[in-house]
There are 2 protein chains.
Amino acid sequence: MNIGNVSEQSGLPAKTIRYYEDIGLVQPSRRENGYRDFAVQDLHKLAFLGRARSLGFSIDECRTLLSLYEDRERSSADVKAIAQSHLAQVDQKIEELQALSATLRDLVVRCHGDDRPDCPIMDDLTRSDVRRRENIPLEQPSEHW
Amino acid sequence: MNIGNVSEQSGLPAKTIRYYEDIGLVQPSRRENGYRDFAVQDLHKLAFLGRARSLGFSIDECRTLLSLYEDRERSSADVKAIAQSHLAQVDQKIEELQALSATLRDLVVRCHGDDRPDCPIMDDLTRSDVRRRENIPLEQPSEHW
DNA sequence: ATAGGGCTTCCACCTACTGGAAGGTCAAGA
DNA sequence: TCTTGACCTTCCAGTAGGTGGAAGCCCTAT
């Protein structure tokens, strides 16, 4: 199967599939002309990857899930542990964003939003004390989503 | 003021401050020995940036906020618009993550998590139909948080 | 004089791709 | 047979927002 075909059937862009080969998630064979030749198993793996990614699992988590996917003897406990850990991360992110949302909403509501320069949002950003920050978990911009 | 001092007072790592200079957010002068020399205004700007970033504003949004911060005549409407747009993004992300969390939680609850290979999570990831995906917004891994 | 800490620049790396250029391959139509 | 266009290849660079580390000045105290 050519990459275009696999791309269409798996829903992943061809670029992404090549990238997944680069990082070792799939190993399609090659034809004489250099074209990748995907087996049906590769298609299944890629579709699996697409679904796992769409559930927010990281590539590293996907790698582990994939090895469990290919292991007919794996225990469901191993899979559950990964999913639970991921779920915990998602829930924590939700909490952080909700606190953020509350702060922003409060600022937005208090800002009259007219032509005058007076602005509670700016006042808050300018304020050097830390009272506002109490109970507000830090955003961690280095986390990639 | 040296960078170490500014770092301590603003709470931003020195590396980050240099990076912010690189991308033009601050322009400290230089001493004869090549060391950066920060003015009090620079310190204020950096602290402002730190707070804006911790509220999840992107660097580009920060750039705009900073120009408004330095404009004594700015209208609060401009600031409010940015904050509102950001708030909307945050709220949308929360919704997406909540849908994700519900799906994951459902899978985790249904997985008995013992030594047997039978696993609803794997079954779901392996399933090639799209019923599960209904009403579940796609994660967008290219969005950085 | 030397040790240490602070400062400098520069380069690479992280995630998970995506865009684009330059060029080879293949099948269909004139 | 030639050409056109779709499809494939590799490689390089860029995205956001930094972080880590190396090599090498600078400054101060002992």
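**Protein surface at the DNA strands, and A:Phe38**

Analyst: Of the 21 residues around DNA strand D in this predicted model, those that come nearest are A:Asn2, A:Gly4, A:Arg36, B:Asn33 and B:Ile59. Two or more residues of this surface are given by each of helix H1 (3–10) and H2 of chain A, and H2 and helix H4 (59–69) of chain B.

User: What makes a residue count as near DNA strand D?

Analyst: The C-beta atom, placed from the backbone, has to lie within 6 Å of the strand. By class, the surface near DNA strand D has seven nonpolar, nine polar and five charged residues.

User: Which residues come nearest to DNA strand C?

Analyst: They are A:Asn33, A:Ile59, B:Asn2, B:Gly4 and B:Arg36, out of 21 residues around DNA strand C. At least two residues each come from helix H2 (14–22) and helix H4 (59–69) of chain A, and from helix H1 (3–10) and helix H2 (14–22) of chain B. The surface near DNA strand C divides into seven nonpolar, nine polar and five charged residues.

User: Why is A:Phe38 called buried?

Analyst: The cut-off is 20 or more other C-beta atoms within 10 Å. A:Phe38 has 24 such neighbours, so A:Phe38 counts as buried. A:Phe38 lies in the loop between strand E2 (36–37) and helix H3 (40–54) of chain A.

User: Which residues does A:Phe38 touch, leaving aside those up to four places away in sequence?

Analyst: A:Phe38 touches A:Met1, A:Val6, A:Pro28 and A:Leu43. A:Met1 is 37 residues from A:Phe38 in sequence, with 4.9 Å between their C-alpha atoms.

Technical notes
Residues are numbered from 1 along each chain as its sequence is written. Chains are lettered from A and ligands numbered from 1 in the order in which they are written. This is a predicted model: local features need pLDDT of at least 70, side-chain atom pairs count only at pLDDT 80 or more; totals for chains, interfaces and linings use all residues. Helices (H or I, at least four residues) and strands (E, at least two) are DSSP runs, numbered from the N terminus. A residue is buried if 20 or more other C-beta atoms lie within 10 Å of its own, exposed if 12 or fewer, and partly exposed in between; C-beta atoms are placed from the backbone. Two residues are in contact if their C-beta atoms, placed from the backbone, lie within 7 Å. Ala, Val, Leu, Ile, Met, Phe, Trp, Tyr, Cys and Pro count as nonpolar, Asp, Glu, Lys and Arg as charged, and the others, Gly among them, as polar.
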